[in-house]
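Please open the model in your viewer and keep a selection panel at hand. The tour begins where two chains meet and then moves inside one of them.

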Amino acid sequence: MRKGQSWFNTTSVALGFAFLYAPIVILVIYSFNDSKLVTVWGGFSTRWYVELLNDQAMLDAAWITLRLALLSATMATILGTLAAITMVRFGRFLGRSLFSGMIYAPLVMPDVITGLSLLLLFVSIDIDRGFWTVTLAHTTLTMCFVAVVVQSRLVVFDRSLEEAALDLGCPPFKTFFVITLPLILPAVVAGWMLAFTLSLDDLVIASFTTGPGATTLPMKIFSQVKFGVTPEINAISTILITIVAIGVIAASLFNKRREVERQKAERLAMQG
Amino acid sequence: MVGPAIGPVRRAFAPWNDPSAKPFIEFRNVTKRFGDFVAVKDLSLKIYEREFFALLGPSGCGKTTLMRMLGGFDEPTEGSILLEGKDLVGIPPYRRPTNMMFQSYALFPHMTVADNIAFGLKQAGMPKADIQSRVDEMLALVKLEKFARRKPHQLSGGQRQRVALARSLAKKPKVLLLDEPLGALDKKLREETQFELMDLQMNLGMTFLIVTHDQEEAMTVADRIAVMNNGVIVQVATPAEIYEQPNSRYVADFIGDINLIEGKVASAGEGGTRLACAATGATVETNQTLTAAIGDEAWFAIRPEKMRISRDAPADPAVNALAGEVWDIGYLGDVSIYHVRLPTGATVKATITNATRLVERPISWEDKVWLTWSRDAGVVLTR
């Protein structure tokens, strides 16, 4: 396709990449800035990374965010998978439309509304707000994403596989764990990762539902920005970007390897 | 037209003719409804031990539903299903002594061939060493010893079919259910596998129930065939009976190729049947004893290969003969199929076996020909 690359294509690709990645590149570059001012280059330095390591409040916030994301993503994955199975497998039941509406509501609801309604709920039932309320809120928010991902996999799942397991003497509950779950696992994992990422970068809902002692990283960064940005923010952002990039690259490499293996296996099968 | 292969007479095995024989599987007045749709209508059927039984019919005729009810995947709305005299209704599939080979094979993609075959044995709690030897035995049976460690996606279609067969046989089920087992194979492999299935069934001495829409497949493998339509069984008989003595136009038309000539009963009884076919101008006489009133509507059904085609007029052109003109000739290699157009505009099919190499056709397009047949070449049908 080399021939087809006109100057127009090249320009639009360049502009597109610039639009998407220029802010990130600038952010990364300025994290190594020696100057205290974010916009003025004062020479290369890693001092903001050192400063970050000594900033206990920032590290605490990062630790809370990580624990919160792990916990809420796991809970959302379990609940979301169950919801997806109910939606796909139980056919028509009383209140099905209501159920599906409730599941998908957070998908379209503005975060502010979700956050506010959860806050009102927590206040009215008089729960101490903090780590657990944010965890519950994030589970509510991310569960619908897991349900959507898992549901799309279940819809194309060949049910005769489960019937074959039943036919061979495997009871339904065990069939789910030895046949269904291993086969829909990629979708469940994808749902978990989506939930994890969403929880990691949520600011709005966390701000509404949190209490003393449970400040998440996005909240911490946002509050610091209000007092003026130091390159320390750039440093922690760079670390986050690096973690995400490693995750994405690892996932795509893994998929690529599986694809290559699959093609090799198919060639092998063709040869008999 | 290639006549479908008639099931070989392998042994004197006909428990269905023995009134004292106990049925192995029995469907008693089974009805299955899905909402408003009636998939199976008040159906009764007896299948005997060691029988290779085929359910044949077009898609949507209820044959798969009937099999799934035996496997336990669907429960009958009414009626009962008995295996060795015990009612199966209400027993879930994982507690039934039946195993099924699925149309899609349903091999577990995340397990190796050996693990797929061992799956049912593990569920039954068989000791490890016994599982191993049973899996080896099954792999040898389907000639896949070298492929034990492969995953299903590393196998060809034919090999997958064998794994599915081995897996469903591993638990030695009382009945093996085969749901369109050869549908995904190409023609040549399908024909080979049909004969392998027959040998397997005979050697294992098991009862096989096959669902298929392929009439040649059913006729090749089965001891008896049930032809189904719209949730009811139209005829249950051996392949030869189904082909030679269909009980209705539906069966006659569904199995193989046939000419149906409409007429009215002119005489019936012990001496034979006489049919006046006004539309084609023919008079048909058969040796058949028909119970019908004079003037009743009836159809004469005759297979194309049982028609003789000739340029010379027969001795008695008034009975069992039709005159026409050759309209189309289809050359199929082993046989040629002639479409003969009658003066009335109707077309009748007749086949000629190409016993010698075809250099010049003895009968060609637009030739005036006579079609004749003997008194027991066809059957008169009243429905």
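Select both chains first: between chain A and chain B there are nine residue pairs in polar contact (both at pLDDT 80 or more), a polar contact being a pair of N or O atoms within 3.5 Å, of which, within protein, one must be able to donate a hydrogen and the other to accept it, while residues adjacent in sequence count only if both atoms are side-chain atoms. This is a predicted model, in which local features need pLDDT of at least 70, side-chain atom pairs count only at pLDDT 80 or more, and totals for chains, interfaces and linings use all residues. Residues are numbered from 1 along each chain as its sequence is written, chains are lettered from A in the order in which they are written, and side-chain values use heavy atoms, leaving out hydrogens and water.

Next, pick Glu163(A) and Arg68(B), which form a salt bridge with their closest N and O atoms 2.7 Å apart; the term requires a side-chain nitrogen of Lys or Arg within 4 Å of a carboxyl oxygen of Asp or Glu.

Now colour H7(A), which with seven residues gives the most to the side of chain A that touches chain B.

Finally, hide chain A and show Leu55(B), which, leaving aside neighbours within four places in sequence, is in contact (heavy atoms within 4.5 Å) with residues including Leu45(B), Lys63(B), Leu66(B), Leu209(B) and Met228(B). Across the wider interface, the contact takes 22 residues from chain A and 27 residues from chain B.

Definitions and conventions
Helix = DSSP H or I, 4+ residues; strand = E, 2+ residues; numbered from the N terminus.
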